[in-house]
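Here is a short report for a reader meeting this protein for the first time. Please look over the sequence and the model before reading on.

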Amino acid sequence: MSNTETHPTESLCGAHADGPPPPDIEVITARDVPLGGPRAMRVRRTLPQRARTLIGAWCFADHYGPDDVGESGGMRVPPHPHTGLQTVSWLFSGEIEHRDSHGVHAFVRPGELNLMTGGRGISHSEVSTDRTTILHGVQLWVALPERDRDAGRDFQHHVPAPVALDGGGEARVFLGTLAGDTSPVRTFTPLLGAELTLTPGADVTLDIDPGFEHGVLVDSGDVLLAGTPLKPAELGYAPPGRTTLTLANRATGPARLILLGGPPFEEDIVMWWNFIGRSHDEIVQAREDWMKGSRFGEVQGYDGAPLPAPELPNVPLKPRGRVR
């Protein structure tokens, strides 16, 4: 999904401060964001925020649904551009048709990962299909490091098998390694991404990389992350240094979570609309290239005009310093 806000604010993302990690779990509350259009599909956004702009290279997290598409109109995002990032699409229910300027025509379905690399520039469209009644999922972005941010266009698809978790539940590991399973999907920095389903009363301890920071986004359930309660749509942040992560479900029904992780991203970035760069001038150039129809390629098969870029703010976009 694109960041199709009509008036996007500058998202200033920075690396983390040096020194010891904070001792406690940080709880991040989602912002309710309308994406625009006649019926304004709404999402719950936990990244980026002033309090926490990055978790590893994960720089954007939108959580949406469950939406009855008969009432909401579903998703119809015209061709739009991306630079300097990878998009990670993951559904709990529904189906989305994907087309991009790399020539890929694919579908996003529950439990199946679609990862698209924008690099120097790609464009794509996303439309919920007629087979969709309830649309529900997450859209995630990964910032590309300096050495790879002009990488070529790419698209990867993976269907992870469920892996049983000691203590009650299962994991679907779509990026990285967890619970003895490793995703074959290529990334430019070490990452972890997994959907976890916890049975009622589950108490799970996961072995994790102590060099990673982690985020747990709750979709449903009454969840404890290392003893800290998290409500649906909240994101719990755990700093590096832990070798295990404990998760518990106190609800009478299953809990569903998205677990994200990676080593702290040691670069400052500027993120505006659908672009990630390192300076104001790079963002200006990317917008100009999109509006004049160069660099990003053409999406074949979409019936409609591409999405115009919003106006840039009247002040220079600046990389934000490290989170203190």
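The report goes from the overall picture to single residues.

## Basis of the model

This is a predicted model: local features need pLDDT of at least 70, side-chain atom pairs count only at pLDDT 80 or more, and totals for chains, interfaces and linings use all residues. Residues are numbered from 1 along each chain as its sequence is written, and side-chain values use heavy atoms, with hydrogens and water left out.

## Overall picture

The protein has two helices and 27 strands. Helices (H or I, at least four residues) and strands (E, at least two) are DSSP runs, numbered from the N terminus. Of its 324 residues, 56% are buried. Buried means under 20% relative accessible area, exposed means over 50%, and partly exposed lies in between (1.4 Å probe, protein chains only).

The exposed surface is about 13100 Å², and carbon and sulfur atoms supply 50% of it. These areas come from the Shrake-Rupley method with a 1.4 Å probe; for residues, only the protein chains shown count as cover. Take the contacts (heavy atoms within 4.5 Å) with a separation of 6 or more. Residues 24 or more positions apart account for 75% of them.

## Two nonpolar cores

A nonpolar core is a set of buried Ala, Val, Leu, Ile, Met, Phe, Trp, Tyr and Cys residues joined through side-chain atoms within 4.5 Å. The largest one holds 33 residues. Within it, Trp 58, Val 88, Phe 174 and Leu 175 touch the most other members. Several strands give two or more residues to this core, including β5 (58-68), β7 (85-93), β15 (169-175) and β25 (255-262). The largest share, five residues, comes from β12.

Another core lies apart from this one. It has 25 residues, among them Val 173, Leu 178, Val 223 and Leu 225.

## Sheets and strands

Seven strands form an open sheet. Their order is β2-β23-β20-β25-β18-β15-β14, and the pairing is antiparallel. Two strands pair if DSSP finds at least two bridges between them. At the edges sit β2 (26-28) and β14 (163-164), each paired on one side only. Three bridges link β2 to β23 in the antiparallel sense. Ile 28 has Leu 235 of β23 as its bridge partner.

Strand β19 (residues 203-207) has alternating side chains. Val 204 and Leu 206 point to one face and are buried. Asp 203, Thr 205 and Asp 207 point to the other face and are not buried. Five bridges join β19 to the antiparallel strand β24 (residues 244-249). One bridge partner in β24 is Leu 247, opposite Val 204.

## Aromatic rings and charges

There are seven aromatic pairs. Rings of Phe, Tyr and Trp (its six-membered ring) pair if their centres lie within 6.5 Å; planes under 30 degrees apart count as stacked, over 60 as edge-to-face and the rest as tilted. How far apart are the ring centres of Trp 272 and Phe 275? They are 6.4 Å apart with planes at 35°, so the pair is tilted. Both residues are buried. Trp 272, Trp 273, Phe 275, Trp 290 and Phe 296 form one aromatic cluster.

A charge sits over a ring if NZ of Lys or CZ of Arg is within 6 Å of the ring centre and within 35 degrees of the ring normal. The charged end of Arg 52 sits over the ring of Tyr 237, 3.9 Å from its centre. For Arg 131 over the ring of Phe 107, the distance is 5.8 Å.

## Backbone details

Two cis peptide bonds come next. One runs from Leu 47 to Pro 48, with omega near -5°. Pro 48 lies in the loop between β4 (42-47) and β5. Another runs from Gly 65 to Pro 66, with omega near 0°. Pro 66 is in strand β5.

Ala 179 is not a glycine, yet its phi is positive, near 55°. It sits in the loop between β16 (177-178) and β17 (181-182). Its relative accessibility is 38%, so Ala 179 counts as partly exposed. Ala 233 also has a positive phi, of about 80°. Its loop lies between β22 (228-230) and β23. Ala 233 is buried, at 14% relative accessible area.

## Arg 250

Arg 250 lies in the loop between β24 and β25. It is partly exposed, at 45% relative accessible area. Arg 250 and Asp 222 are 28 residues apart in sequence but 5.2 Å apart in space, C-alpha to C-alpha. Leaving out residues up to four places away in sequence, Arg 250 touches Gly 201, Ala 202, Asp 203, Asp 222 and Leu 224.
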